[in-house]
Each structure stands twice: as C-alpha cells, then as structure tokens.
Amino acid sequence: MLSAARLIAHQTVNGRYQSKLQMDQFPVLGHSMTHSLDSFITDSANSATALYTGHKSTVNALNVYRDSSPNPFDDPKFETIAEIFHRITNGGVGIVSTAFIADATPAAMTAHTADRGQYPHVVDTYLNGITNYTWTNWTGPDVLFGGGAEQFIPGKTSYKGQDYYELFRNKGYNVVLNNTALSATSNNAKTLGIFSISNLPVWLDRNVYKQNLLGKNNSPDGNKGNATDLPGLKEMTLKAIDILDARHRKEGWLLMSEAASIDKQMHTLDYDRALGDILELDDTVKATLAKLKQLDSQKETLVIVTADHGHGFDVAGSADTKYLNAQKTDREKRGAIGTYRESGLSQYVIPGSPQDTSSLQYSQGAAFPANWDPRYTLFSAVGANPDHRENYQVHKSGPRLPAVNTSAAEDNYIVNYKDAVTGFVVNGTLPVNNAQGVHSLTDVPVFAEGPCQEMFGGVYNNIDIFFNMAACLGLGRPNK
C-alpha cells in the first residue's frame, strides 16, 4: 500500500520521484512476519499482543494464553510493554488511536482477556488495570485519545453502566471532547480525549468530502449531535507528545499512536479512504520528527513505524473511469483497464479545474493528492474479497459497503446494488458468509530511526519488535 500512497501523492519526472514519503527516508527498514500461535493468518488482537509483549497468542486474545475455561478473564496473563515500562521506570505512557479506543490495537496496551470484544472491560483496564488478580500496579496512561464514546457514556455499553468520563475526572484527568478543547487543554495533567462515538471519521471525509460528517449522531457527549470539531491522527499525536514531555521528560515516555482506519477501510475495499489515512500517517510521522527536534529530544527518541498485518493489496495498472462508465456490459467495462504501457502515469498529482469540487490544494507542504477523482485512477484490488461491484472511483458519499446480507436466518452476502453502480461485478473469492476482505500473510515493513535503530533491520518475527524495544528501553533484568 505504501507504493500506491507514494504514487498518488508524489510526482515523478522521467520515472523518478521528485519527493518521497517521510517513511521512505528512515535510515533503517526491516520486515516482520506476523504468524500467530494457532494460525498463520493473524488478527489484530494477537498481533498487537506479539508487538507489546513478545508472546505469541491465539486469534482474538489480548495478552493471555487462552485456556479451556469459558471465562474470558481467567486465562494465564503476561505483562505488556506499557505495564513493564511503568513498573520499572515510572515513565509516561500514551495511547492514541483513530479507532474506538477499546479496539484491539490500543486495548492490547493494558487489557488481558481471551475475548477482544470485551470493550467495556477494556476501558476499565485503562483506568484501573487488572483489579481481581495480583498484578502490576497500574495508575492509568498519561494520555488516552481516540473514539468510542459509547463505552464512556453511562448506560448499557459502558462497564457496569458507569460514567467513565466522570470516573476519569475523579482520578485527576482532564477530559476533552473536541479538537478545540484538545488544543487548549493543559500539558501538565493526565488527559482523556474521546472525540466521537465509534471510530473517528477518516481523513478523506474530514478534509475533502466534509458533508459525510453530517447526520451521524456521533457526538461524544451522547446528545446525538454530529462530531465535526475533530482532531486527526497528527493533532492527537502531537498533543500526546507535548503532555508526555511535560510530565515525564526526566523519566522518559512510551507512546503508541495508531492509524486504525487504514485496516478498517481495507476490509471494506475502500482503497481511497485507506490511502488517505496512510498519507495522514506519513504526515503525522513527519510532524512527529519535527516536534521531537523542537523539543531537543530527537536523538534520544526511538521512532518505529510498522503494521500488525497486511491485506494482500496491490496495483496492477490504471482504470479509465470515463470509458468504463460509458460501457453497457460488464465485459465491455473491463476494457477500461490499462496495464503495462497503457497504465500511463498517476493523475492524482494533477489539480482539477477550479470548478472541480474534488480538487484539493495544500500549501503546508503536506503530500496528499491534488485531485481525488481523476479520470484515470488505480486498477487495484485485494486477493480475498466478497462479491462486489467495482468502478475504481472514489466513493464521495461516504465509506463503502461492498456487500449486503440477503438472509435474516444466516449470513449470505451478495453485491450491494447501491455500491459502485457504474462498475462491473467482481465475483468473490471468500465464503459467502464474509461481508468484507480479510488479513493476509504478507510480511509488513518496519521503519526505525533513533537510538537502537540498527536492531530493526533484516527479516524477523513480530515478537522480536517487543524484545528490541525492551532492550532499547533498558527493561531487561538479570536472572537471580
């Protein structure tokens, strides 16, 4: 996917890029294998477990070895890097995600359960840690930013019906619910920032197709308004660094910041939205390095950029959307695909006309496409997908839903007749009870810069990322 992101945001002249992704400029590149304990295809829970603990686990499990008990909380547990770091150094910990904050990747920083779907419990572990076992003394992260207000508003979806906004306040947290408040809040206090119900809207809808922010009833205060005053990954990450630096410059700090909707949009085959969030991630990496330099801590800070799994996505050419839309049959529409010489060059870097509302210009030096809806788009796909229709155009009306269920009794997904209506039908490769794409076996890149960067070159297992981070942080202890 990085190749596609680079293609749509950076210009080439005579086959050479005139600029590159910030990640391209990291001094060390490695590749991580993602196998789990019980499957060679991982899910996000046990892959995050591997990254944060150095332990392999099973699908859907967070920081436990699953046992035969039906109780999702009594399985053998192991400490996460956040818990170890806090225990040994008393340093700061930050957790940032564009997902609902109880989702697997952020949850794996503190939760211990065989079932990643125990979302209310996950939120309680952020605040209280593990309370019914002898365990690491956890006093809560310094920073917790993301979506998922439904687990904080008192009611059926919060833990024991409690008001977690109030519980966090009672433990000394500043609580902010929009970007304006986030910018203004003090850097000296622990801070909870929850900015929407469910996942945060993606970069493309926050910045280009802003009408899609309306009618969502996703305000984090639970009053059924629209969450429109939203931070992005960059705003949340930079504020998290400010807070962690102000509170723990002496002891040090650990920050996990997740561009969650790259994965979520790939599942629904919404490649434009996934690519927008990759470019937002790259812009966040660029801004993070600048922030660390401003704080005079860049040489002391290890920055790692990686993924927990892939999706088997690639680009094989271009699609002439004007030609495709003019044809009447599916077989004729396939003639719009250009490969090899006929693939041409990227049109995303060419601005549209002033009347073209999809054209978006940037003056801050951030690299995003100038035009999200050119005539010639990417002929792209994943290898595992449900039945769907494809026209290779950006979905301007909101995130994609490629397949719909035809049966109330059982899952039986077919092409969504409302999706990509000008396109042609692509037969699925997955069982018909699958509504969306799945993860793949592919190794994932690991970019590293800073102290210990040399430890992250080569090809290795995802658990080795944990051991390398722990060694760099000095968390190891001799056997007695």
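Two strands count as paired when DSSP finds at least two bridges between them. With that in hand, let us walk through this structure, which is a predicted model.

A good place to start is strand S17, made up of residues 444-449. On one hand, strand S3 (residues 28-33) is joined to S17 by five bridges, and the two run antiparallel. Look along this pairing and you will find Val28, whose bridge partner in S17 is Ala448. On the other hand, strand S9, residues 303-306, pairs with S17 over four bridges, again in the antiparallel sense. Here Ile304 has Ala448 of S17 as its bridge partner. Ala448 is therefore a handy residue to centre your view on, because it is the bridge partner of Val28 and of Ile304, and it belongs to a strand with five of its six residues buried, so that S17 is largely enclosed by the rest of the structure.

Next, turn to an open sheet of three strands, ordered S11-S10-S12 with antiparallel pairing. Which strands stand at its edges? They are S11 (337-338) and S12, and because each has a single partner strand, one side of each is left without a neighbour in the sheet. Between S10, which covers residues 313-320, and S11 there are two bridges in the antiparallel sense. To find this pairing on screen, look for Ser318, which stands opposite Gly338 in S11.

Strand S12 also leads us to the next stop, a cavity. How many cavities of 30 Å³ or more does a search of the whole structure find? The search finds one, and about 140 Å³ of space lies in the largest cavity. Its lining consists of 14 residues, with Tyr271, Asp272, Leu378, Ser380 and Tyr392 the closest to its centre. Helix H11 (271-294) and strand S12 (376-382) are the elements that give two or more residues to this lining. By character, the lining residues divide into six nonpolar, four polar and four charged.

Finally, stay with helix H11 and pick out Arg273, which has its place there. Is Arg273 buried or exposed? Its relative accessible area is 0%, and since buried means under 20%, Arg273 counts as buried. Which residues surround it, leaving aside neighbours within four places in sequence? Arg273 is in contact with Val202, Leu204, Asp205, Tyr209 and Asn212, and also with Gln265, His395, Lys396, Gly398 and Pro399.

Note on methods
Residues numbered from 1 in each chain as written. Predicted model: local features only at pLDDT ≥ 70, side-chain atom pairs only at ≥ 80, totals over all residues. Heavy atoms only, no water. 1 Å grid on protein atoms, 1.4 Å probe; cavity = no way out; pocket = protein on both sides within 12 Å on 5 of 7 lines; lining within 4 Å. Points joined across faces, edges and corners; volume = space filled by probe spheres on them. Nonpolar A, V, L, I, M, F, W, Y, C, P; charged D, E, K, R; others polar. Buried < 20%, exposed > 50% of the residue type's maximum accessible area, 1.4 Å probe, protein only. Contact = heavy atoms within 4.5 Å.
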